[in-house]
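Let's take a friendly walk through this structure together. Have the sequence and the 3D view open side by side as you read.

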Amino acid sequence: MNLNVDAEKKNTYDAIVVGTGISGGWAAKELTEKGLKTLVLERGRMVKHPDYPTATKDPWEFANAGRATQEDLKQQGVQARTGYTIRQDTKHWFVNDIDNPYTEVNRFDWMRGYHVGGRSIMWGRQSYRLSDMDFEANAKDGIAVDWPVRYKDISPWYDYVESFIGVSGQVENLPQLPDGKFLPPMELNCVELDLKKSVKEKQDRLVTIGRVAHATAPLPHSPQRGTCQYRNLCSRGCPYGGYFSSNSSTLPAAEKTGNMTLRPNSIVSELIYDEKLGKATGVKVLDAETGEQVEYYAKVIFLCASTFGSTQIMLNSISNRFPNGFGNDSGELGHNIMDHHLSVGAGGSVEGYEDQYYSGRRANGFYIPRYRNIGKNNRDYIRGFGYQGAASRQGWSSLVAELSLGADLKSAVATPGKWTIGMGGFGEILPYHENFVVLNKDKKDKFGLPTLTFDAILRDNELKMRKDMANDAAEMLEAAGFKNVNKFDREIGIGLGIHEMGTARMGKDPKTSVLNKWNQVHACKNVFVTDGSFMTSAACHNPSLGYMAFTARAVDYAVSELKKNNL
Amino acid sequence: MNFEHKIKDMDRREALKRTAWIMGGVVSAPAMMGILKGCAAKPTINWKPVFLAENQGILISQVADIIIPKTDTPGASDVGVPGFIDQLLKECYSKEDQDEFLAGLTAFDEEAKKSHGDAFNDLSAEKQAEFVKNIHDEAIKAKSEKRPFILKVKELTMLGFFTSEAGATQVLQYVAVPGSYKGCIPLSEAGNGKTWAT
C-alpha cells in the first residue's frame, strides 16, 4: 500500500505535456517558466540539439546520391508519398510504416516522425497569421461552427511567440495577412522581383518574400541559436539553430528552468479520468523500449501529440462519462479533418537574366497571399488560396535531354542554366463533418494499441478552387512574359500538405465542439488540446505559428485558473 | 596527389596527346588510362560489380567515360561513377526497372555489333565514342516519352559525377556553409561564376 502511494507520489507532477513537437515544446516552455513541475512525454526517441546525424554531411557522403533504396521504400512507402522526405539525409525523421500502420478508405497521407522535436525538425517553417477574415469565415458562410475567438484575442500571442522564435518577413499592411514582429526579410531574386512588379501592375496582387521562422538576425534570448547560414538543409535538423525547432528553441528554454522532466519512448495510450472528481488525473504510458506500463499524474494535462495523435488518445480514453471518446459529448471528435490542398499551379521558363545569379541557398521562396473572395464571395467556390514559389537557374539535370556530350557537356554544365520559375497553390479545405478518422480496434499496432482509419476526400469546393489555382498561376506567369508556361494539377490525398487539423475543434457550444476558446476540453476543465486538432477552420496558409500562439495563450489561462483553484 | 605528381601526370598526358596525334586519332580517356597502365589489350575494370556482370560493368565504365571524360578535371571513372551506377541499380531500382535497364544494355550491345561488327567492349575507343554519340543524338532527337537506355546511363553518370566531390567542387562550385544569401547579383560576383552544385 505504502509502496503504491510512494510510486504515485514519485509519478506526480504539476503538469503533463504529451508531445514535443511545435505545440508540445511551447507548452513545456510556458508551463515550466511559470514554475510548474512538468513531465513532458514523447513517444519517440531522444534527439538533442545540435545532434542531428546527417546535418553537416556533403552530398558525396551519401550512398546512391542520397536516393531512397528499394528497402527504404518497403519500410517507408507511405512516408515516401511526398516525393521529398524519404532520402538518405532525412528518412530517419519519418516513421516506419510497417511498424506504424493506418487504414485509408480513400488515399490519405499521414506523414509524421516519432522523436523528440517531432515535425518541428522537418517542418516547412513558413509562418503566417490568421486574420479576422479567417476567424469570421465560418460564421459568414454559415458552415461548421464559428471560431470562438477573433484576431484581437490572438494577436498579442502572435507577437509573443514570433519575438521568441524569430520570424523573418516583410511588412506589407495587408488586412487578410496581418504583419508580425519580423526579423529582416530574405531577398527575392532578380526574376522574382520581375514577377513582383508585373503581378502588382497587371493583376494588382502582391508577391512578397515568404515569412519563415529563420533567425536572419541574432536572438539574444536564445544563445544556443545562431543565425541562418543559408545551407537549405533545414529538414536534416540545423546544428546552427538557424530556424525554430522545439529542440533548438523551446525545449532548451524549458530545460533551463529546472522544472522539466523529459521522458522519451513514452507512448501515451489514454487519459485517466476520475468520475468522482470529474477530472483527468493523469495518463497511462507504455514504454516503447521495455513495454512496461506506467501511470503519471498531474493537475493539468496538455495534449500536444499532433492532430491525429491527440485525437487517437482521446478516442481511446473510454469511461462511463465518456463512452465515445474523451470530451466527445458533441460527437465531433475525429471529424472535420482539414489540411491544405496543393500540388496545383504552374511553371515556366524565363528568357534573359543570363548575367545574373544568386549566392547562398535560401530555404524560402516568394509568397502570393490570398486575393480571391476577399470582402465578398464572387467565385463559384468559397474561401481561397495563396501561392508559394521560386525562380532559379537550372543545374546539371537540365542537360540530360540536351545534345551535349563529353568535354562539351562538362563545360556546358559549368555555365548556370536557363532561369525557370514555378508556383504552387495552398488552398483552404472546408471543415466537413464527413471527413473523419475513427479508431480501428481490429487492427492493432505492435504495442497492441488500436490504429486509425481515415475517411476523407477533397470535395466540390476544393475541386472548383483548384481550377483557379492552376489558371491564375499560369495567367500571372504569362503576363510577366515568361515562356513555356505549363499548368499542373496532380491528384493528391488529404494529408499531403502535412497540415492536418480540426479533429477536436474549438467552438462556443459544447454540443457542436470539443474545446472552448481556451483550448480547454468543454467537458473536462483540466485537459487542454493545443495542436492542430483545435482548428475550427483551416485558412489557406501554413498553420504552425498559430499552434504556438494558441498554446502559449492556453498555458497562460490554465496556470491562472490553476492558481484560482478552478481546474 | 601532390604537386609533383600533377606535373608528372601532365607530362604524361601531353606525351599521350602527341602519340594520339601521331596515330592520327583521338584517344579516349579510358584508352589513355589503359595505355598508361600498359594493358591496352583487353578492357578491364578495377572495381567489382555487385549487380552487373563483369562485361556489363566494363561497358558502363566506358560509356560513362565517353559521357563525362577526364579533361583538366577528373572524368566519370576517376570518381567511381561506374561503381556508383552498379550499386544504385542494385539498391534503388525495382526489379522491373532493373530488367528494363539490362534489356536496354543488351540491345545497345547488339546495335554495336550490327553497326560496327563487334561487341561494344571490343570496339576501338574511337568507334565506341562515335557509336555512343550517334545513339545519344538519335535518342535526344526522338524525344520519346520513355527515357531510352543511353539517356538513363547519361542521367546516372551525371548524377554520380555531379554529386561527387570532384564533380561538385571542380566542375561546378560548392559552398557547404554559404552564411548569407544574395538574391540578385552579377554572375561574375557569384563565387567563381560557375553553376552551384547545390
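A good place to begin is a pair of strands in chain A: strand 15 of chain A and strand 16 (residues 419-428) of chain A run antiparallel and are joined by nine bridges. To find your place along this pairing, look for Q388(A), which stands opposite G424(A) in strand 16 of chain A. Keep in mind that you are looking at a predicted model.

Strand 15 of chain A also pairs with strand 14 (residues 366-368) of chain A, again in the antiparallel sense, over three bridges. Here I368(A) stands opposite Y387(A) in strand 15 of chain A. How enclosed is strand 15 of chain A by the rest of the structure? Strand 15 spans residues 385-393, and eight of its nine residues are buried, so this strand is largely enclosed.

Now let's turn to where the two chains meet. The contact draws 42 residues from chain A and 44 residues from chain B. On the side of chain A that touches chain B, the elements giving two or more residues are helix 7 (190-203), strand 13 (356-359) and helix 10 (406-414) of chain A. Of these, helix 10 of chain A gives the most, with six residues. By character, the residues on this side of chain A divide into 21 nonpolar, twelve polar and nine charged.

Strand 13 of chain A deserves a second look, since this strand pairs across the chains. Three bridges join strand 13 of chain A to strand 1 (residues 182-186) of chain B, and the two run antiparallel. Within this pairing, Y357(A) stands opposite I185(B) in strand 1 of chain B.

Key:
Residues numbered from 1 in each chain as written. Chains lettered and ligands numbered in written order. Predicted model: local features only at pLDDT ≥ 70, side-chain atom pairs only at ≥ 80, totals over all residues. Contact = placed C-beta atoms within 7 Å. Helix = DSSP H or I, 4+ residues; strand = E, 2+ residues; numbered from the N terminus. Nonpolar A, V, L, I, M, F, W, Y, C, P; charged D, E, K, R; others polar. Pairing = 2+ DSSP bridges. Buried ≥ 20, exposed ≤ 12 C-beta atoms within 10 Å, placed from the backbone.
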